[in-house]
Amino acid sequence: QLGDEGVAALVDALLRARGEPALSELYLRNCGLVRLPAAVGALPHLQRLDLDGNTQLGDEGVAALVDALLRARGEPALSELYLRNCGLVRLPAAVGALPHLQRLDLDGNTQLGDEGV
């Protein structure tokens, strides 16, 4: 599994490459993630982020991700966020602050319930 450190190294390499990274889609399904590196928020063209199956990500991991996106310079371009089976109990309110978010997939987060959304 790629894990948190592997993703951090990948994002770091993208950001160190010459020019601004043009990456618009990032698929990190079933990678054993607990927390994404804050540097993911520095990918200015990221529109689709798929984190399906990272069961340990949970509420804190998603909150940290959204915080990193909102703190990055410029407005986050993210329009699709896939969080199937990510161990969510309560969806962080900050998700609603992502200005371009059009698709949010929370399928399989069985503990989420109505109160968590």
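The following passage describes helix 1, the largest nonpolar core and the surroundings of Asp52 in a predicted model. Residues are numbered from 1 along each chain as its sequence is written, and side-chain values use heavy atoms, without hydrogens and water. Local features need pLDDT of at least 70 and side-chain atom pairs count only at pLDDT 80 or more, whereas totals for chains, interfaces and linings use all residues.

Helix 1 (3–16) has 14 residues, and its end C-alpha atoms are 20 Å apart, in agreement with the 20 Å expected at 1.5 Å a residue (1.5 Å times one less than the number of residues). Helices (H or I, at least four residues) and strands (E, at least two) are DSSP runs numbered from the N terminus. Gly3, Val7 and Val11 are the buried residues of helix 1 (buried: under 20% relative accessible area; exposed: over 50%; 1.4 Å probe, protein chains only). These buried residues fall within an arc of 105° seen down the helix axis, so they line one face (arc of the directions from the axis to the C-beta atoms). The face turned away carries exposed Glu5 and Arg16.

The largest nonpolar core (buried Ala, Val, Leu, Ile, Met, Phe, Trp, Tyr and Cys residues joined through side-chain atoms within 4.5 Å) has 27 residues, of which Leu36, Leu49, Leu51 and Leu83 touch the most other members. Helix 1 and helix 2 are the elements that give two or more residues to this core; helix 2 gives the most, with four.

Asp52 lies in the loop between strand 2 (48–50) and helix 2 (58–71). Asp52 counts as buried because its relative accessibility is 10%. Its side chain reaches the backbone nitrogen of Arg84 at 3.0 Å (polar contact: a pair of N or O atoms within 3.5 Å; within protein, one able to donate a hydrogen and the other to accept it, and residues adjacent in sequence count only if both atoms are side-chain atoms).
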